[in-house]
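Me: Hi! Could you walk me through this structure with me? I'd like to start with the cysteines and then look at the packing.

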Amino acid sequence: MTACAIEPSADPGNSGAPRAGCSITAAGAYAARLARSGQDGDSWYPERWTLDGPEPYAVPLPGNQPEEAGTEVQPMGDGRVLVHRVAAGRHVFALLYPTGPGTGELPLGAVECPADTTGPRLLPPAPGGERAYALAAGPRSTVLWEVAGGAFGPERVAKIPGRCSGGVWLDRTGRMLAVDQETGGRTKAVVVDLERGGEVSPLLQIAADSDDRLLLADPDSGLVLIGSDAPSPGRQRLGWGVLGSTLPVRFPECLRMPDCVVTPFAIQPGQVLTPERCAVALRVDGAFGSWVGVWRPADRRVRHLPAPEGWLTGAGLWTPDGELRLPCSTPQSPCGVARLAAPDAGGGRTEGANDAGDEGDPGDPGGPGDAADTADTEDTEESAHDGSGDPAATGPSTHASAPGRPCPVPLQQAPLARLVTK
């Protein structure tokens, strides 16, 4: 079976992960996106969505002129929208907010980057929603910028050795940031401590010659999703582990999907002591379009759901009680949220999911409702372990990182060993 790629090259500034249709604050109250305007839909303007009220609603925030298609937007915790524009080689940041019938704009300043630098790219919204950060990667080092929330406009926070990408928040205070650091031809996830002057420490190394990236993390349970080529050299695999645990990273067979791109985009919060029961939402891109996968580490299958109409692809969030909310926009409903219930851990059924044998065209490999529903029929997982030979070292972990830990404990740093049968 052909291993599924984890990250395409659509967005090289973010480890190649495909861009989501909108950005959502860490608290889930606001979202922001670029929306099309004009009769031909060939111009763009920022739009803010409010998600925490009785019904979602959108507020357009057009400026004095249309935005470029590549303009980055990000919601802040107070409802303003950060916009990142490129003008004459300068990266300009501003905050937009509604002012009655118009749009107010608060200029924040600009960042100028050397010619050999990719230019700053916004990181995912920071916890708290008061600050925003961007990475500007150069050939030998990367600068972390605080582009909103500072007293004097964009401020340089840290200079990190190597070429860095990605960006995952590990706590709910906005202190610990994980990035993927490329040095010596290899990529490893490292942690940047923003309260200690950008101090960098290792986070993830499965094998010395593997590329190991952090894709997603849940601060409550410590569950992390990673992409690594350790189990299949030269090909990325999707795996999971737990911050603070002594158990290794596992690579479930059910997450290998032929000829598809699988991107985790949301983890169910609030499962403090049971990371293996957290529901994980997956964006699956195949030859027949994009759809949603739902998976838990305790399960051995991925439940496939057709994408709701107008889904802002790749965007969504979980509630603690297991409801997946996906922002959608259609001509009939320009601002809507599709609500999907997660399956019960251990074999429950997701409403609307196409399980094995359900209606669907078995001749459409890689599409939602594909026969076998990506079940782990061999009941196997590949894992990196410590060489002790202890079979227990391959089971799901129930350990969570300690509250208030100043620095996350690195995941298992041991070479890939064997295929473990459970």
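Me: Thanks! How many disulfides does a search of the whole structure find?
Reply: Happy to help. Keep in mind that this is a predicted model. Searching the whole structure turns up zero disulfides.

Me: Why is there no bond at Cys22?
Reply: The closest cysteine sulfur belongs to Cys335, and it lies 9.5 Å from the sulfur of Cys22, so the pair is too far apart for a bond. The cut-off for a disulfide is 2.5 Å.

Me: Is Cys22 buried or exposed?
Reply: Cys22 is buried, with 10% relative accessibility. Cys113, at 22%, counts as partly exposed.

Me: OK, new topic. Which residues have the most contacts inside the largest nonpolar core?
Reply: Those are Leu225, Leu282 and Trp295, in a core of 20 residues. Among the elements giving two or more residues to this core are strand 18 (223-228), strand 22 (280-286) and strand 23 (289-295).

Me: And what is Leu282 in contact with, leaving aside neighbours within four places in sequence?
Reply: Its partners include Leu238, Leu255, Val262, Phe265, Trp291, Trp295 and Val302. Thr263, Pro264 and Gly293 are also in contact with Leu282.

Me: What does the second, separate core include?
Reply: That core has 17 residues, including Ala189, Leu203, Val224 and Val249.

Me: Where is Val224?
Reply: Val224 sits in strand 18 and is buried, at 0% relative accessibility. Its C-alpha atom is 9.0 Å from that of Pro275, although the two are 51 residues apart along the chain.

How values were computed: Residues numbered from 1 in each chain as written. Predicted model: local features only at pLDDT ≥ 70, side-chain atom pairs only at ≥ 80, totals over all residues. Heavy atoms only, no water. Buried < 20%, exposed > 50% of the residue type's maximum accessible area, 1.4 Å probe, protein only. Core = buried A, V, L, I, M, F, W, Y, C linked by side-chain atoms within 4.5 Å. Helix = DSSP H or I, 4+ residues; strand = E, 2+ residues; numbered from the N terminus. Contact = heavy atoms within 4.5 Å.
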